[in-house]
Amino acid sequence: MKEEEIRPQRLFDELLRLNKEDVAVYFINSKYKKINCPACGNLGSFTFNKNSFNFDICDSCKTFYVSPRPDKESFDNYYMNSESAKFWANGFYKATENSRRVKLWKPKSKLIKKIIDKYSPDAKCIIDIGGGYGVFIEEFLKLCNINHLIIEPSRYLSQICREKNLNVLEKFLEDVNIKDLPKENKVFVSFELFEHLHDPKLFLEILFQLLNKNDSFIFTTLNGMGLDIQVLQDESKAVSPPMHLNFFNPKSIKILLDKIGFKCIDIITPGKLDINIMENNVDKIKDKFWKNFIGYSNKEEKNKMQNFISNNRLSSHMMVVCRKV
């Protein structure tokens, strides 16, 4: 898989351009608040500024995150009304839906089924938080005869899911009542949401209360200790506030989950794009080793390196499996 297949550079650059313009519209009058590390709670120190947002890094667990952080109302307005949010839903995603279905969602649905079979074989229902267009659930149901529910607050996206005959609960997670959910054993999933959350701890606390004992939660997010993010730092396109605020890592996400009461079952980094992302941004790489490796190595050597990165929790794409016990 290549980055261009799921994130065409022309569309991705336009999304980032609109995102940068939206900062001046939706955050100029925000109330900013200094926050501690969202994983361990220790005080962080300034590391860099991007798009007028400061990032702090925690000296203890190496999480880096936006601080001071604008108020939640500004983010809600941004996600509901901004030009970049509209472009993502109506331009970027629609243009890449077919390739993302083949390259991302089909393999991801197979991986999730494998994880559920291993860790939650008694699950009778899968619940996708922020299920968007419903593509994951569509692909997962081709593999597994199981009940399903999509929790999606967007009226536009919820309607698309209903038109696909998918079960939808049109609410934000914080508005979900336990009576809204099936009583049977459940697996909750969430993809590429955690890095966007204004308050990750609050999100997990709300979710924990909705889970029955032995229900599982599987989610993906960005790994701030992943190779391409570490090498490119503020030049990384993944570091794109106000979209992405939180960059946990395999060690720090476990700290947060333990704090809430979840049992962390597994953490993997099954990413495939780290080397390719650096190939596409080689002019921005300052580290001589990686700049030379990208320019000098052949395809086979790069594939071996990517496999090593993924197998040793060093990819910037992270998947977490946890359970309420």
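**Note on salt bridges and helix 11**

1. At 39% relative accessibility, Arg-17 counts as partly exposed. Its partner Glu-21 is partly exposed as well, with a relative accessible area of 43%. The two side chains meet in a salt bridge, N to O at 2.7 Å. Glu-21 and Arg-17 sit 4 residues apart in helix 2 (residues 9-26), a separation of about one helical turn. An α-helix has 3.6 residues a turn, so residues three or four places apart point the same way. The model is a predicted one, and these values should be read as such.

2. Arg-7 pairs with Glu-3 in another salt bridge, where the closest N and O atoms are 3.4 Å apart. The burial of the two partners should be stated separately. Arg-7 is partly exposed at 23% relative accessible area, whereas Glu-3 is buried at 7%. The cut-off matters here: buried means under 20%.

3. Lys-186 and Asp-215 also form a salt bridge, with 3.5 Å between the closest N and O atoms. This pair links distant parts of the chain, its members being 29 residues apart. Lys-186 belongs to strand 9 (residues 186-190), while Asp-215 lies in the loop between helix 7 (200-210) and strand 10 (216-222). Both Lys-186 and Asp-215 are buried.

4. Some salt bridges share partners. Through such sharing, Glu-97, Arg-101, Lys-106, Glu-138, Glu-139, Lys-142 and Lys-164 are joined into one network. For the model, the count comes to 26 salt bridges; among them are Arg-7 with Glu-3 and Lys-186 with Asp-215.

5. Which residues of helix 11 (residues 288-296) are buried? They include Trp-290, Phe-293 and Ile-294. Viewed down the axis of helix 11, its buried residues fall within an arc of 95 degrees, so they line one face of the helix. On the other side of helix 11, Lys-288, Asn-292, Gly-295 and Tyr-296 are exposed.

6. What covers the buried residues of helix 11? The cover includes helix 8 (227-232), helix 10 (274-280) and helix 12 (299-311). A description of helix 11 should therefore name these helices together with the buried face formed within the 95 degrees arc.

7. The N-terminal end of helix 11 is capped by Asp-287. A side-chain oxygen of Asp-287 lies 3.0 Å from the backbone nitrogen of Phe-289.

Definitions and conventions:
Residues are numbered from 1 along each chain as its sequence is written. This is a predicted model: local features need pLDDT of at least 70, side-chain atom pairs count only at pLDDT 80 or more; totals for chains, interfaces and linings use all residues. Side-chain values use heavy atoms; hydrogens and water are left out. A salt bridge is a side-chain nitrogen of Lys or Arg within 4 Å of a carboxyl oxygen of Asp or Glu. Buried means under 20% relative accessible area, exposed over 50%, partly exposed in between (1.4 Å probe, protein chains only). Helices (H or I, at least four residues) and strands (E, at least two) are DSSP runs, numbered from the N terminus. The arc is that of the directions from the helix axis to the C-beta atoms. Contact means heavy atoms within 4.5 Å. A polar contact is a pair of N or O atoms within 3.5 Å; within protein, one must be able to donate a hydrogen and the other to accept it, and residues adjacent in sequence count only if both atoms are side-chain atoms.
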